[in-house]
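Student: Could you take me through this structure? I would like the overall picture and then some local detail.

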Amino acid sequence: MFHSRKLLLRLSVAQLSMLCPMLTVALAEGRTAAAVEASSGAATAADASPGRLRSLADEALVSGRADEALKLLGQVVALEPLNERNLFKRSRVYQRVKKPSLALADLDATLRLAPEYADALLARAKLLASMGRCPEAADDYRLAAAAPKGLKSDRDRTEATEGRRRAEECAKALEAAAQAARRGDQRARIEQLSFVLEQTTAPPSSLVLERARAYYDLGDLYEAIADAGRALKDNPDDLDALELRGAAYYRLADHGMAKTHWQQGLRLDPEHKGCKTGYKLVRALAKQDDKGDAAAAEGRHADAVAAFLKAIDVDPEHAKYAFSAYVKIATAYVALKDHAKAVGALDKALALDDASVDAHVMRSEALVGAERFEDAVRAAKRARELADGDKTRKAQAKAEAALKQSKTVNYYKVLGVKRDASTKDIKKAYRDLALKYHPDKISADASDAEKEKATAKFQEISTAAEILSDDETRAKYDRGEDVSGAAGQGGPGAGGPGGFPGGFPGGFPGFTSQGGQRFHFQFR
């Protein structure tokens, strides 16, 4: 015990930490007795020969104490810095704990001491191949097979032969990927890089990021995001990966995620050009877009249109955002009942993404509002080509009904209102027209033909109002269903739209022509 105490005092803290982690913990907690006990193991290691240390390292590794094994092997390397087998042994432990860069450093040191060490050449070849460094791996496989003392087993010799073949194929794929990148063939570049990555178990983030760039340049943004994410998993501070992933999210109009990645990059390097430019851009665009959304929510639709147009101008090349902004602009124009401008905005949106079913349906509805019925039918058919569902079938039926009605009696035109007019607007239009065309307004000198024409006009106005004032009947009419039976059930003679007694605004109990004849209409 006295000897252990003297040794404990003699060793430095750094030496004690390296020799026995438990000793450091015990000292830190003030447990002197435990520290002394732990020092016995440290003393054994400190006094041990390199052979004994190697044996202790083997015991630690078998027991699953890899960190302890590495510390012991570190002592061995310090004691025998020119013994390549110690470095080789430690490299294998580093590989076991998934530290390939440290393993490679030890293998490099091993082969500097013994360039023809076949087992080390084979181990480095396999490690380099797993890291995607195929040309170097192919060289090491070749050297391992040709080493004077050679590989000891048939299995190793076969592995060297097969490994060299795979490494050479991988090297060719890397060169092909580089050539594809130079000529701008991103699909070929991705294909070759994917082949290389399939051969690796620990690819460097630079290789994964190269494929991410190829996906980005091709326009496959989700794959670019996935690969850049893999690179960031290996190195969360990879500025190139943060910049690229932010750019991919930006192009998808996921501005929140783009902003997050570029902000992270700027925290690491406030002057990083790519992240700085992207961050300023997304902030300026988001500011205008938020203004547009707020204005639309408050019913200030003209202000919303102006804000969305400014947002588009921030980055005219941002197709994904421009599409969504034009759809929002069209929505604002519909609210303003300017269907012609709504159609124009949707035309711009569809020029950016013709595969949007919702945009085609919305365009069909706007065309109906603009009374371009044949175009509305074509737009609805296009939507149905893309997706034959309930929504597109209803849009087509509505457009076809509007087209059919435009060729017969169009009750909206009779009242002089738009197809999206409110019930209040319809009732007001009826009141105004009823006052204007009331038979009592006919001159006493009018001919019978003129009186008949005026009566027919009033009847038409009353029928239109009766059908369009009732939500259920109007919906049927808009769908193109027969609503002739609905007229006459509650028409002007029975109260009319808006509840006017006798069917005429102003409370007349019926109406009488100047010739004294009383008119009661029952419309069919």
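Student: How much surface does the chain expose, and what share of it do carbon and sulfur atoms supply?

Tutor: This is a predicted model. The chain exposes about 27,500 Å², and carbon and sulfur atoms supply 51% of that area.

Student: And what does the secondary structure come to?

Tutor: The chain has 27 helices and two strands. It contains 524 residues, of which 44% count as buried.

Student: What share of the contacts joins residues 24 or more positions apart?

Tutor: Among contacts with a separation of 6 or more, such pairs account for 51%.

Student: Let us look at one helix. How far does α15 reach?

Tutor: Helix α15 covers residues 239–251, which is 13 residues, and spans 18 Å from its first C-alpha to its last. That is close to the 18 Å expected at 1.5 Å a residue.

Student: Which residues of α15 are buried?

Tutor: Ala241, Leu242, Leu244, Arg245, Gly246, Ala247, Ala248, Tyr249 and Tyr250 are buried. The buried residues of α15 pack against α13 (205–218), α14 (221–234), α16 (255–268) and α17 (273–297).

Student: What happens at the ends of α15?

Tutor: At the N-terminal end, Asp238 acts as a cap, with a side-chain oxygen 3.1 Å from the backbone nitrogen of Asp240. Just after the helix, Ala253 takes a positive phi of about 65°.

Student: Where else is there a positive phi outside glycine?

Tutor: Lys98 is one of the cases, with a positive phi of about 60° although it is not a glycine. Lys98 is placed in the loop between α7 and α8 (100–113), and at 73% relative accessibility it counts as exposed. Glu371, also a residue other than glycine, has a positive phi near 65°. Glu371 lies in the loop between α21 (357–369) and α22, and its relative accessibility of 36% makes it partly exposed.

Student: On to charges. How many salt bridges does the structure hold?

Tutor: There are 38 salt bridges. One of them joins Lys89 to Asp58, with the closest N and O atoms 3.1 Å apart. Lys89 lies in helix α7 (residues 84–96) and Asp58 in helix α5 (residues 50–62), so the pair ties together parts that are 31 residues apart in sequence.

Student: Are those two buried, partly exposed or exposed, and which values go with them?

Tutor: Both residues are partly exposed: Lys89 has 27% relative accessibility, and Asp58 has a relative accessible area of 32%.

Student: Which partner does Arg211 have?

Tutor: Arg211 forms a salt bridge with Asp227, and their closest N and O atoms are 2.7 Å apart. Arg211 belongs to helix α13 and Asp227 to helix α14, so this pair ties together parts 16 residues apart in sequence. Arg211 is buried, with a relative accessible area of 11%, and Asp227 counts as buried at 3% relative accessibility.

Student: What about Glu472 and Lys476?

Tutor: Their side chains meet in a salt bridge at 4.0 Å, N to O. The two residues are four apart in helix α27 (residues 471–478), which means that about one helical turn separates them. Glu472 counts as exposed at 56% relative accessibility, whereas Lys476 is partly exposed at 32%.

Student: Which residues are linked in a network of salt bridges?

Tutor: Asp108, Arg124 and Asp140 are linked in such a network.

Student: What is the situation of Asp156, then?

Tutor: Asp156 lies in helix α11 (residues 154–183). It is buried yet has no salt bridge, and the nearest side chain of opposite charge, that of Arg155, is 5.6 Å away. The cut-off for a salt bridge is 4 Å, so that distance does not qualify. Leaving aside neighbours within four places in sequence, Asp156 is in contact with Asp119, Leu122 and Leu151.

Student: One last site. Where is Ala380, and is it buried or exposed?

Tutor: Ala380 lies in helix α22 (residues 373–386) and is buried, with a relative accessible area of 0%.

Student: Which residues does Ala380 touch?

Tutor: Leaving aside neighbours within four places in sequence, Ala380 is in contact with Ser364, Ala395 and Gln396. Ala380 and Gln396 are 16 residues apart in sequence, and their C-alpha atoms are 4.8 Å apart in space.

Key
Residues are numbered from 1 along each chain as its sequence is written. This is a predicted model: local features need pLDDT of at least 70, side-chain atom pairs count only at pLDDT 80 or more; totals for chains, interfaces and linings use all residues. Side-chain values use heavy atoms; hydrogens and water are left out. Buried means under 20% relative accessible area, exposed over 50%, partly exposed in between (1.4 Å probe, protein chains only). Contact means heavy atoms within 4.5 Å. Accessible areas come from the Shrake-Rupley method with a 1.4 Å probe; for residues, only the protein chains shown count as cover. The expected span of a helix is 1.5 Å times one less than its number of residues. A polar contact is a pair of N or O atoms within 3.5 Å; within protein, one must be able to donate a hydrogen and the other to accept it, and residues adjacent in sequence count only if both atoms are side-chain atoms. Lys and Arg count as positive and Asp and Glu as negative; His and the chain ends are not counted.
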